[in-house]
Amino acid sequence: MAAIIDKIEKRIIIATGFLLALFIFSILYARDKYRTDIPECLPYDKAYTEPKVNKIDEKTYQVFGVAQMWMFQPAEINVPVGSEVDFFLTSKDVVHGFNIAQKNVNMMAIYGSINKTTVRFDKPGVYDIVCHEYCGSGHQNMKAQVIVNYPQSK
Ligand code: CUA
């Protein structure tokens, strides 16, 4: 009897190991396919409270996003096609969500802490940002947009 149980346990351990490997592979695969990196947490001493967009060069931007009840700032972010954007995110009050439609971005905005992710925008269009973490009576109004256009010719 004991031998039979051992055999089943062994199979479960092998299956668990296989599933773990599959999950890790899926994360790495999604990371490459959608070109989003895995969000990082930055140290507290880099804290900021003012929202802003920094242009590093023609195709590289930094967005310092601030979430609060019940808005995101900046509410509109304009970048040209092909841009790589570092999103830094913090909150002025409670925990908010930060989801960019079509971009597989799923971050939390947390008071006193900064999360970061990098997104590349290869197609023109309007990418909606929504709060997907319930944060109070105005939760459904928390929206922002990334507008990706072709650079204007002069
Ligand atoms: Cu902020 Cu929901």
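The following questions and answers walk through a predicted model.

Visitor: Which residues touch the most other members of the largest nonpolar core?
Guide: That core has 25 residues. Strands β3 (60-68), β5 (76-80), β6 (83-91) and β7 (96-100) are among the elements that give it two or more residues. So are β8 (105-109), β9 (114-121), β10 (125-130) and β11 (143-149). The residues that touch the most other members are F87, F98, F121 and V146.

Visitor: What does F121 touch, not counting residues up to four places away in sequence?
Guide: F121 is one of the residues with the most contacts to other core members. Its partners include V79, P80, V81, G82, S83 and V85. The rest of the list is F87, K103, Y127, V146 and V148.

Visitor: How many residues are in the other core, which lies apart?
Guide: Its members include L42, Y48, F88 and I114. The count for this core is six residues.

Visitor: Is D93 buried, partly exposed or exposed?
Guide: D93 lies in the loop between β6 and β7. Buried means under 20% relative accessible area, and exposed means over 50%. D93 has 28%, so it counts as partly exposed.

Visitor: Which backbone nitrogen does the side chain of D93 reach, and at what distance?
Guide: Leaving aside neighbours within four places in sequence, D93 is in contact with Q68, M69 and Y111. Y111 is 18 residues away in sequence, with a C-alpha to C-alpha distance of 5.8 Å. The backbone nitrogen reached by the D93 side chain belongs to M69, at 2.9 Å.

Visitor: What accessible area does the nonpolar patch on the surface have together?
Guide: The patch is formed by F18, L19, L20, L22, F23, I24, F25, I27, L28 and Y29. I24 lies in helix α1 (residues 2-33). I24 is partly exposed, because its relative accessible area is 49%. Together the patch residues have about 1100 Å².

Visitor: How many salt bridges does a search of the whole structure find?
Guide: One joins K55 and E58, with the closest N and O atoms 3.5 Å apart. Another joins the side chains of R120 and D122, at 3.1 Å from N to O. The search finds two.

Visitor: Which is exposed and which partly exposed, K55 or E58?
Guide: The cut-off for exposed is over 50% relative accessible area. K55 has 49%, so it counts as partly exposed. E58 has 54%, so the exposed residue is E58.

Visitor: What relative accessibility do R120 and D122 have?
Guide: Both residues sit in the salt bridge at 3.1 Å. R120 counts as partly exposed, at 29%. D122 also counts as partly exposed, and its value is 33%.

Visitor: Where are cis peptide bonds, and what is omega?
Guide: Most peptide bonds are trans. One cis bond joins M69 and W70, with omega about -5°; W70 lies in the loop between β3 and β4 (71-73). P74 lies in the loop between β4 and β5. The cis bond there joins Q73 and P74, with omega about -5°.

Visitor: What phi values do Q102 and N104 have?
Guide: Most residues other than glycine have a negative phi. Q102 lies in the loop between β7 and β8, and so does N104. Q102 counts as exposed at 60%, whereas N104 counts as partly exposed at 48%. Phi is positive in each: near 70° for Q102 and about 60° for N104.

Key:
Residues numbered from 1 in each chain as written. Predicted model: local features only at pLDDT ≥ 70, side-chain atom pairs only at ≥ 80, totals over all residues. Heavy atoms only, no water. Core = buried A, V, L, I, M, F, W, Y, C linked by side-chain atoms within 4.5 Å. Buried < 20%, exposed > 50% of the residue type's maximum accessible area, 1.4 Å probe, protein only. Helix = DSSP H or I, 4+ residues; strand = E, 2+ residues; numbered from the N terminus. Contact = heavy atoms within 4.5 Å. Polar contact = N/O pair within 3.5 Å; in protein donor to acceptor, adjacent residues only side chain to side chain. Patch = residues over 30% accessible without salt bridge, like charges linked within 9 Å, V, L, I, M, F, W, Y side chains within 5 Å. Areas by Shrake-Rupley, 256 points an atom, 1.4 Å probe, with all protein chains shown as cover. Salt bridge = Lys/Arg side-chain N within 4 Å of Asp/Glu carboxyl O.
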